[in-house]
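Let's take a friendly walk through this fold, one helix and one strand at a time. Please keep the viewer open as you read.

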Amino acid sequence: MTLHHFHLKAEWPGGRNSEGYISAGNLQTKISIPPEMDGPGIGTNPDEMLLGAAATCYIISLGAMFERAELPIAGMSMTSEGIVDVTDGIFTYEKIIHRPDVTLKQGATDKEIRLTEKLVEKAEKTCMISKAIKGNVELGLEPVIRIPE
């Protein structure tokens, strides 16, 4: 078994509407509460970072699966949406929806199209971040697969 350790340093001067800073490898940014939650909106925030972790894990996993399967991918992009419920002052991260948009190269076979569809679903189930939040945050997938004529 191999264990990988990741480290983050956080600085926070105190107070709800303060501005802090985090540093973890290549991630170095200011942090604060987002304006949607009546914060100053400086830098990033936990809501964006959870969405970013889930999205980057998914798209990197999907890209690796496509490469291993030697699929004729012409391009891939994605948008993701995080939904946070606030009820009686309690914040709950309800759902993350990924919307991958995959374009296959012209001439892709029916078999390659079916495998692409299968891997789009599989990547969400095998991504490390998806597995970490499973049971706490609902995960949705709304893929678009394009085949040029």
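**From helix to sheet**

Just after helix α1 comes E70, whose phi is positive, near 55°. Bear in mind that this is a predicted model.

Now step back along α1 itself, which covers residues 46–69. Its 24 residues reach 34 Å from the first C-alpha to the last, close to the 34 Å expected at 1.5 Å a residue. At the start of α1, a side-chain oxygen of N45 comes to within 3.0 Å of the backbone nitrogen of D47. D47 is also one of the buried residues of this helix, which include L51, Y58, M65 and F66. The buried residues of α1 pack against the helices α2 (110–126) and α3 (128–133), as well as the strands β4 (73–87), β5 (90–104) and β6 (138–141).

Turn next to α2. With 17 residues at 1.5 Å each, α2 should span 24 Å, and its end C-alpha atoms are 24 Å apart, so the two values agree. Buried in α2 are I113, T116, L119, V120, A123 and E124. Their cover includes α1, α3, β5, β6 and β7 (144–146).

What remains is the strand pairing. β4 and β5 run antiparallel, joined by 14 bridges, and T87 has I90 of β5 as its bridge partner. Two residues lie between the strands of this hairpin, where D88 takes a positive phi near 55°.

β5 also pairs with β6 in the parallel sense, over four bridges; here K95 is partnered by E138 of β6. The pairing of β5 with β7 is parallel too, over three bridges, and T103 is matched with R146 of β7.

Terms used: Residues are numbered from 1 along each chain as its sequence is written. This is a predicted model: local features need pLDDT of at least 70, side-chain atom pairs count only at pLDDT 80 or more; totals for chains, interfaces and linings use all residues. Side-chain values use heavy atoms; hydrogens and water are left out. The expected span of a helix is 1.5 Å times one less than its number of residues. Buried means under 20% relative accessible area, exposed over 50%, partly exposed in between (1.4 Å probe, protein chains only). Contact means heavy atoms within 4.5 Å. A polar contact is a pair of N or O atoms within 3.5 Å; within protein, one must be able to donate a hydrogen and the other to accept it, and residues adjacent in sequence count only if both atoms are side-chain atoms. Two strands pair if DSSP finds at least two bridges between them.
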